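Here are some short exercises to work through with the model open beside you. Try each task before you read its solution.

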Amino acid sequence: MAQVEKRGGLLRKSSASKKPLKEKVVLMYDEIFMTEDPSKCSPRFWEELFLMKVNLEYLEGKLESLDGEELMKIKDNINCLFQHCIQALGEEHPIRVVNALQTLCALIRGVHQKNKSTSGFDIINMLMGFDKAELCMKNLMESLDSLLCAEGSESLKSLCLKLLLCLVTVTDNISQNTILEYVMINSIFEAILQILSHPPSRREHGYDAVVLLALLVNYRKYEVTGLLSGQLLSFFLFRQYKDKEEEHQSGFFSALTNMVGSMFIADAHEKISVQTNEAILLALYEAVHLNRNFITVLAQSHPEMGLVTTPVSPAPTTPVTPLGTTPPSSDVISSVELPLDADVQTSNLLITFLKYSSIVMQDTKDEHRLHSGKLCLIILTCIAEDQYANAFLHDDNMNFRVNLHRMPMRHRKKAADKNLPCRPLVCAVLDLMVEFIVTHMMKEFPMDLYIRCIQVVHKLLCYQKKCRVRLHYTWRELWSALINLLKFLMSNETVLLAKHNIFTLALMIVNLFNMFITYGDTFLPTPSSYDELYYEIIRMHQSFDNLYSMVLRLSTNAGQWKEAASKVTHALVNIRAIINHFNPKIESYAAVNHISQLSEEQVLEVVRANYDTLTLKLQDGLDQYERYSEQHKEAAFFKELVRSISTNVRRNLAFHTLSQEVLLKEFSTIS
């Protein structure tokens, strides 16, 4: 008997030269693409259609092959198919439901290809007709809600989420996707959160559910309706956390924990890489930003933390896009993972996030890594200015070992993990900022990230000053990093000024030192720490002298940097007073005692003996800062980020992710 081959909806005998035969389902699709109603000649047409295995490739390809005029001729049949799909979702026969879900996915994706440049109104008309759109979408959302909340097939739930992702990402700019108006009216939030609150469902569908929520929150975000939807989601998430608090289970955050944890990958050579995943970072950002109460959840220990289970759905065979908006695949996770901590019980989402940030922020040359690094710093900014988060970060009774990734550098040794001390979490945040400062002084200078980094440090210091928290931290590492950064700005003045206003950053750095000088006695751990601050300023006086010379030169010229440079000149007044006060006394001490080079202790002795005669000017506003505001300053960044995520989510919903193989096995008892 000759072997039968199947290709693109065609059946043919490989040994024969006869015309290929089409599958029955393909013949039925062809009838839909005629102008006549297919059920006129076949009253059982729709009933039979949903018993046939869907040929996604053919249906989607057929839709894409038609031009706009041809598609409009069969609009009534497309509307009819869409409505019958929704009706089939209420059937008891699971195969009908599966086929209806997959057909809807193909319809939405196929029609989208014809409407790439429009806002979505044409898509609504083509799929269901304007006059029936409200009722159609109401019925569709109710059916999806029932399927997601029902006890039963996880594969059906997976298809429901994929369909929702198809709906949400049907346009690149989700705020122009008017289908989402119907999704928001017929809220699906409860169903998604129910999935996230149930551990087995969360393991299988957590990624899609979290990404879906992150995208929904960004629908018309800066309009009144968008703000309301964000607040509504915020309420849902917080209520769900409170309901589950006794069980130490917060579905959304457990899902995020697993998602963020799964981004860590290390190969056999211990070279650490990471999947940049803006979709999950966006979800974490929205959770932290929408309701600051969630920040307290970052500190909660999660029993599920540890090695991440491999997602049930198969890994995509198509190349994963740079944004990495698909869940980590089995071949990726099979690599050796970066462990969270020796003691998993003392870990939490914030520790996981800090570790992830330490890897992502090491390489900002790639645009997507740059965006991920920026998002990490924005999240840290929200945390650093939150009172409750700071209380936890600085709690001396809550100590953790946080194994941050340190970029290999020739001039420093690799720190042994086992020697990591247990410290309050704010130390890890400061370590992360110091690490960023010392490792990104490069030709393609990431000015925006540096400014955000210094802002995080400043906000932490403001909390310490306000609450008189004496943190036992190696402040010298921070001071040294800041001075080296100033030296880099000066040595690359010409190149950097062509692209950046380096005086904004220089002013922020100088004012950090002013913060330590003016208020250091209220938050530095010991009097000797304050002495060490003066020692570092005196030791590195040449750098501050050079900075003063540079800003004085530019502030006395009538150039574009006059005002910016002048601000730095004024900010240096106390640093210069310290240098000018102590340097002559140190030189005098050396001359009297016939010492060519003083030791640190000898310099400190001079400093301690001459504090009384030092005069400093009181500088206002050092402990004040502008609070983070997304809408006014970051809207463009987030709009572009959401557009990229939406595009990549849609692109990665490939044919195989909607394959029937798993489904047919699950429903093998049905003929």
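A residue is called buried when its relative accessible area is under 20%, exposed when the value is over 50%, and partly exposed in between. Keep in mind that this is a predicted model.

**Exercise 1. A pair within one helix**

Task: Find how glutamate 536 and arginine 539 are placed in helix H25, and classify arginine 539 as buried, partly exposed or exposed.

Solution:
- Step 1. Helix H25 spans residues 527-539 and holds both side chains, three residues apart, or about one turn of the helix.
- Step 2. An α-helix has 3.6 residues a turn, so residues three or four places apart point the same way.
- Step 3. Glutamate 536 and arginine 539 form a salt bridge, with 2.9 Å between the closest N and O atoms.
- Step 4. Arginine 539 has a relative accessible area of 43%, so the label is partly exposed. Its partner, glutamate 536, counts as buried at 5%.

**Exercise 2. Pairs across the chain**

Task: Work out which parts of the chain are tied together by glutamate 60 and arginine 109.

Solution:
- Step 1. Begin with the contact: these two residues form a salt bridge, and their closest N and O atoms are 3.1 Å apart.
- Step 2. Glutamate 60 sits in helix H3 (residues 56-65) and arginine 109 in helix H6 (residues 94-113), so the salt bridge joins parts 49 residues apart in sequence.
- Step 3. Check the surroundings: glutamate 60 and arginine 109 are both buried.

Task: Now locate glutamate 385 and arginine 627, and say how far apart they are in sequence.

Solution:
- Step 1. Glutamate 385 pairs with arginine 627 in a salt bridge, the closest N and O atoms being 3.6 Å apart.
- Step 2. Glutamate 385 belongs to the loop between H18 and helix H19 (387-393), while arginine 627 belongs to the loop between H29 and helix H30 (630-633); the two are 242 residues apart.
- Step 3. Glutamate 385 is buried at 6% relative accessible area, whereas arginine 627 is partly exposed at 48%.

To place these pairs in context, the structure holds 28 salt bridges. Lys374, Asp448, Arg452 and Glu634 are linked in a network of such bridges.

**Exercise 3. Looking for disulfides**

Task: Decide why cysteine 166 is not bonded to cysteine 105.

Solution:
- Step 1. The cut-off for a disulfide is two cysteine sulfur atoms within 2.5 Å.
- Step 2. The closest cysteine sulfur to that of cysteine 166 belongs to cysteine 105, at 4.1 Å, which is too far for a bond.
- Step 3. The count for the structure is zero disulfides.
- Step 4. As for accessibility, cysteine 166 is buried at 4%, and cysteine 376 is buried at 0%.

**Exercise 4. An enclosed helix**

Task: Explain why helix H11 is described as largely enclosed by the rest of the structure.

Solution:
- Step 1. List the buried residues of H11: Phe189, Ala191, Ile192, Leu193, Ile195 and Leu196.
- Step 2. These are six of the eight residues in the helix (189-196), so H11 is largely enclosed.

**Exercise 5. Positive phi in loops**

Task: Say where arginine 468 and histidine 594 are found.

Solution:
- Step 1. Arginine 468, in the loop between helix H21 (447-467) and helix H22 (475-491), has a positive phi of about 50° although it is not a glycine. Its relative accessibility of 58% counts as exposed.
- Step 2. Histidine 594, in the loop between helix H28 (573-592) and helix H29 (600-609), has a positive phi near 55°. At 75%, histidine 594 is exposed.

Definitions and conventions:
Residues are numbered from 1 along each chain as its sequence is written. This is a predicted model: local features need pLDDT of at least 70, side-chain atom pairs count only at pLDDT 80 or more; totals for chains, interfaces and linings use all residues. Side-chain values use heavy atoms; hydrogens and water are left out. Buried means under 20% relative accessible area, exposed over 50%, partly exposed in between (1.4 Å probe, protein chains only). Helices (H or I, at least four residues) and strands (E, at least two) are DSSP runs, numbered from the N terminus. A salt bridge is a side-chain nitrogen of Lys or Arg within 4 Å of a carboxyl oxygen of Asp or Glu.
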